[in-house]
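Please open the structure in your viewer and keep the selection panel at hand. The tour proceeds by selections, each followed by a short account of what is there.

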Amino acid sequence: MTPRTPAPSGQVGRSVPRLEAVAKVTGRAEYVHHMRLPGMLVGKVVRSTVAHGRLKSIDLDEARKVPGVHRIVTRDDILKVIPDPYYGPAFHDQPILAIDKVRYVGEPVAVVLAGDPHVAEQAAQLVAVDYEELPAVFDEVEAADSPVIVHEELKPAGTFPDLKHLHGVRDTNIALDFRLCRGDPDKAFAEADHVFEHTFRTQQVLHLPLEPYVSLAETNGLSMTIHTASQSPSFVRLEIARLLGWPENRVRVQVPFLGGGFGGKLYIKLEALVAALALIVMRPVKIALTMEEQFYTLTKHASTLRIKSAVSSDGRVTARECEIWWNGGAYADIGPRVSQKSGFTAPGPYDIDNVKIASYALYTNLPPAGALRGFGIPQLVWAYESHSDLIARALDIDPLAFRRKNLLRNGRPQATGTLVQDMGADACLDRLAALMNWEAPFDRGTSPVRRGRGIAVGFKASISPTTSVAVVNVSADGSCTLYCGTVDMGQGSDTAMAQIVAEVLNIPAETVRVVHSDTDVTPYDMATLGSRSTFHMGHAVKLAAEDACQKLEALAAELGVPRGRNLPTRELFLRKYKMQAGNIIGTGSFIPPYTSPDHDTGQSDNITPFWMVGATGVELEVDTETGHVRILKMINVADVGRSINPRIVETQLSGAAIMQLGFTTTEKMEFDAGQVTNASLADYKIPGFLDLPATTVSEVVDTHQRNGPFGAKGAGESGTFGVSPAIANAIEDAVGVRITSLPITPEVVYHALCAARSEPIED
Amino acid sequence: MKVSGQIRVRAPREAVFNALQDAPFFASCIDGVRQLTEIDPAHYNAILETAVAYMKFRFKLLIEVTRKRPPSELEARLEGTALGIVGRLTATSTTRLTQEADETNIEYEIEAALTGKLGSLGQPLLRSKAKEMEREFASRLRAAFERTPEPPS
Amino acid sequence: MTPFEIVEARSLREAVGMLDPEDASVRPIAGGTALMLMMKAGVFRPTRLVSLRLVRGCSDVHVEADGGVRIGALTPLATLEHSHAIQHLLPVIGSTLRMLSNVRVRNVATVGGSLAHGDPHMDLPPVLIALGASVRVVGRGGERVIPVADLLTGYFETQLATDELISELIIPRQNGRRSAYLKCTTRARHDWPTLGVAVSLAVDGDCVREATVVASAATKRPMRIETLRTLLVGQRPDAKLLRTAGEAAAAALTGELQGAAAYMQQLVRVYVERALRQALNSEGGALQ
């Protein structure tokens with residue numbers, strides 16, 4: 001290994017095959033599901049059957065009779081080990097087990113512990129819980145004014161200083177009310193040539209990684225280790241430490257690989273529960289949820305979005321007003337941040353001087369909603385890009401031309417007032433138009449099957465400010481190890497980080513060993529979410545590698561080695577320590593600059609360190625006799641800065657688009673009285689191979705994020721942004737009907753076709 | 001889940017009302033009600049045993065008559081738990097009787113919900129059963145009035 | 001899942017003996033793909049399962065001298081899917097199986113099991129009805145043969161007694177009849193059918209001699225639409241007739257359709273017309 005040379009050594013930008021690929025496909029990769037500890041008990045959760053109710057009593061008599069039951073734990077047991085058992089990243093509103101009330105069907109009420117999971121499951125069916133049922137509220141718009149109150153008092157966590165003002169607020173379901181105002185929207189609306197207003201809706205869906213939530217805790221009473229499938233091990237550590245009243249260094253969190261996360265495995269899911277259980281029984285406790293139970297754990301916000309634009313007769317948008325109701329479910333989780341951090345992008349990547357945004361995070365009696373790939377952006381893009389096409393068509397302007405006329409370009413202010421930089425919306429649209437052959441005439445067909453095409457472009461701001469720390473360890477033989485808290489959940493982060501280290505140290509990426517999250521060893525990382533890791537952890541890793549480099553150079557100088565001599569590393573150690581011994585440890589820590597927005601106006605001169613852009617174009621067929629939609633071509637173009645690993649970036653884009661395709665056409669959580677009625681993959685359909693478009697193209701534009709590591713930035717979510725509205729726009733192009741609510745099913749399309757013919761069908 | 005319908009029986013309204021608000025008679029019109037016991041004139045316990053094909057279900061029920069306005073209106077509430085599996089059944093029913101010549105028209109509206117494990121994956125199964133029980137109830141009720149001019153009071 | 005007992009039979013007769021005519025919580029299990037879903041959902045809690053896994057001699061496809069086909073009840077669907085005889089004589093079965101569930105399920109699920117299950121949302125039963133198939137059933141009292149059209153009686157209900165098993169599926173010689181099956185799904189492509197339409201036609205020159213049209217999935221049990229026989233037989237199958245047939249089918253099924261009535265009627269209208277067209281355009285199975 002030689003110290004860094006100015007010429008690129010070719011590790012970054014190379015499509016290195018994933019470092020863990022062979023282990024994963026040969027079944028050797030480690031997951032928490034495989035773990036068994038001596039004396040371990042398995043827990044099965046007893047869940048609420050009432051959407052909203054006071055918890056009166058729990059009868060354990062019948063359940064205790066099942067042979068093999070070790071213990072059944074309820075709220076009283078939890079309170080003995082954790083007197084204040086409420087957790088959450090934004091609000092401390094979620095109890096480890098229900099205490100006084102239950103707030104959604106499926107909420108954990110008790111846990112049966114046994115050595116045999118089948119025994120635990122059988123006993124769990126026999127626990128009898130008595131509730132005093134209360135009225136429930138399910139709709140987000142209704143919840144804003146409803147007399148039915150889910151939480152009597154708001155309990156901000158203190159983790160985010162900008163939520164402090166909510167402390168003590170009572171008797172409302174509005175957990176957060178985010179506002180932004182720029183310019184003079186009222187005046188612009190009054191003076192506008194045209195005003196367009198539309199309302200859109202999205203449905204509740206969920207992540208469904210193939211590995212459901214699983215956590216295992218073991219403790220000796222003085223320290224605790226939690227093995228968990230989590231994207232945020234550092235947060236788990238500090239939150240468990242807080243709940244137990246222990247210093248951080250007595251809580252250890254270990255994460256091997258995740259079988260998918262997509263934003264579900266964040267903050268606290270099962271960790272607090274297994275920690276409390278382990279303390280109660282003083283044996284290791286593992287809880288692994290079934291596929292069905294995922295439906296009761298975390299979901300994506302359903303939403304209602306109202307968007308209004310003032311437009312001049314030549315198609316310039318002079319003002320935009322956005323009002324969004326986010327259905328947060330029974331517990332806040334990270335919902336308030338979705339309302340706020342995505343809320344400020346509600347007007348879209350457009351250059352609009354006068355903007356007003358109101359974004360409300362609502363509590364309802366449904367399973368909680370939190371982060372899901374896109375973090376609220378896909379819902380916003382669904383609204384503003386459907387709205388864009390409706391305006392363009394009404395004014396008889398080509399949809400692409402309309403977008404180009406209003407697009408936000410580098411150097412101009414976004415709705416928060418921050419001047420955007422390295423935001424490639426124009427480059428993405430241009431490339432998309434070329435790949436779609438947009439300028440060429442398009443044959444829509446004449447038969448019962450009609451063809452159409454549509455485009456959409458969306459963007460996202462990286463959540464800020466967040467911190468990442470990394471350590472690079474060079475051993476005496478020159479081999480290199482990276483300690484990094486970023487969790488590889490299938491997005492290829494191990495490989496990307498190895499490539500960054502390798503680029504700096506001028507070694508092959510395949511030789512870098514990446515140590516997985518172990519908070520006793522790997523340093524702090526905010527979390528693996530929001531496409532932040534390539535940028536933030538990438539910087540920290542790069543700094544750590546550079547630090548190691550500098551230390552090696554200093555060692556060489558100390559040993560009197562002339563500059564440029566290129567002595568092998570192992571030789572340096574040998575000369576220093578007289579044998580194969582010692583380490584060189586490089587550290588790096590990164591937090592980007594940030595300006596907190598004004599509380600009333602939402603304005604800031606530095607709201608985010610980088611913007612992500614994703615554009616999608618779709619060509620499809622509509623069977624006008626049945627409403628079936630068949631996607632012929634789906635083209636995704638994104639701005640990810642420089643691709644650290646082009647092959648992985650491509651699969652991240654197509655994977656994100658396919659996931660969003662499911663949310664657009666086939667997925668919906670069905671409810672009856674707050675009970676999920678399709679809680680299984682047999683009845684909740686995610687896309688399979690036969691659902692893929694005939695042709696899928698995923699490309700990146702050639703850009704450089706000037707403040708990113710090697711010019712790179714996030715890529716994991718960009719493929720989700722434009723999919724839904726591109727499809728709705730293509731359907732309108734094909735058959736002239738506008739769908740404003742997701743999912744777009746054949747029945748919905750058929751109803752719209754009948755209504756458009758003035759032959760509405762009743763059901 | 002909402003179920004609503006109409007049943008006509010050849011009997012005067014007062015007689016029909018008396019029959020419907022007589023718990024043992026009412027229970028006899030539903031297939032599978034066992035061990036009906038009165039707690040007080042407005043509250044009853046019962047066991048409901050039902051099956052869809054080879055799949056059997058048992059529910060422990062608490063029934064409350066919430067409103068009685070003779071001879072025209074009857075409202076009841078039902079709450080039950082499944083035995084052996086987590087499942088909570090709730091239902092509220094509203095019944096209105098109108099006299100039409102020598103017949104009584106019974107209009108009913110039932111709102112039912114099934115939650116818990118049984119409600120999660122067993123929903124379509126029990127919905128089809130609900131429809132079947134509705135048909136069975138109607139035919140038993142009609143038959144009861146055809147059998148005797150005055151049903152038991 | 002509640003603990004249960006499992007016993008393995010080595011012959012159908014032994015299996016019948018292990019079943020209890022009075023106790024429905026003792027149930028046979030073949031491939032188990034459907035039964036396991038019901039057990040995981042908690043809606044079926046057996047006390048004993050009688051596994052047919054080790055039963056020999058019931059998983060073959062025999063072509064009879066008269067051109068009919070007999071298929072052992074324990075034949076996995078994948079075997080049928082890849083059978084040359086079936087592809088040759090009954091191509092509609094192969095094309096139906098390719099859209100049925102997924103390859104992992106087809107490797108394990110059996111013909112007999114899929115018929116005995118009685119779930120209205122299945123692809124194979126309407127096809128078998130259109131082909132005029134029957135099942136041979138064995139029980140304590142002996143054997144009987146039941147047309148598949150009569151076997152399925154309702155929601156998860158069949159004519160089978162609690163201690164009876166299907167031993168084989170009998171498909172008569174098709175005499176050049178042309179058949180087709182169209183599956184309508186409204187979510188993922190890989191999904192339960194929202195509506196299934198199976199059609200079998202005998203066409204002589206320019207004239208329909210026989211017509212069987214079966215609708216399923218949207219109804220509680222697969223239903224032969226009898227009025228279409230009158231409408232189609234003796235007629236020249238042109239576009240107008242097919243359209244009329246679709247409309248007549250939708251009218252005939254009013255009241256039987258589960259789900260959103262008006263949309264389901266439209267699907268019936270369209271899929272019956274398209275299934276008839278597909279059958280007419282297909283090659284009949286090789287004549288015997």
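The stops below begin at an interface between two chains and end at a helix.

Before selecting anything, bear in mind that this is a predicted model. Begin by selecting chain C and chain A together, and show the residues in contact, where chain C contributes 22 residues and chain A contributes 20 residues. The area buried between chain C and chain A comes to about 1900 Å², with carbon and sulfur atoms giving 53% of that area.

Next, turn to the charged pairs: between chain C and chain A the count is 4 salt bridges. To view one of them, select C:Asp191 and A:Lys685, which form a salt bridge whose closest N and O atoms are 3.9 Å apart. If you then display polar contacts across the interface of chain C and chain A, 10 residue pairs are found, both residues of each pair being at pLDDT 80 or more.

Now select residues 261–281 of chain C, that is helix 12, which gives the most to the side of chain C that touches chain A, with 8 residues. Colouring that side of chain C by residue class separates 12 nonpolar, 5 polar and 5 charged residues.

Finally, move to chain A and select residues 271–281, which make up helix 8, a mostly covered helix in which 11 of its 11 residues are buried. Among these buried residues you can pick out A:Glu271, as well as A:Leu273, A:Val274, A:Leu277 and A:Ile280. Extend the selection to A:Met282, just after helix 8 of chain A, and check its backbone, where phi is positive at about 55°.

Key
Residues numbered from 1 in each chain as written. Chains lettered and ligands numbered in written order. Predicted model: local features only at pLDDT ≥ 70, side-chain atom pairs only at ≥ 80, totals over all residues. Heavy atoms only, no water. Contact = heavy atoms within 4.5 Å. Buried area = accessible area lost by both parts, 1.4 Å probe. Salt bridge = Lys/Arg side-chain N within 4 Å of Asp/Glu carboxyl O. Polar contact = N/O pair within 3.5 Å; in protein donor to acceptor, adjacent residues only side chain to side chain. Helix = DSSP H or I, 4+ residues; strand = E, 2+ residues; numbered from the N terminus. Nonpolar A, V, L, I, M, F, W, Y, C, P; charged D, E, K, R; others polar. Buried < 20%, exposed > 50% of the residue type's maximum accessible area, 1.4 Å probe, protein only.
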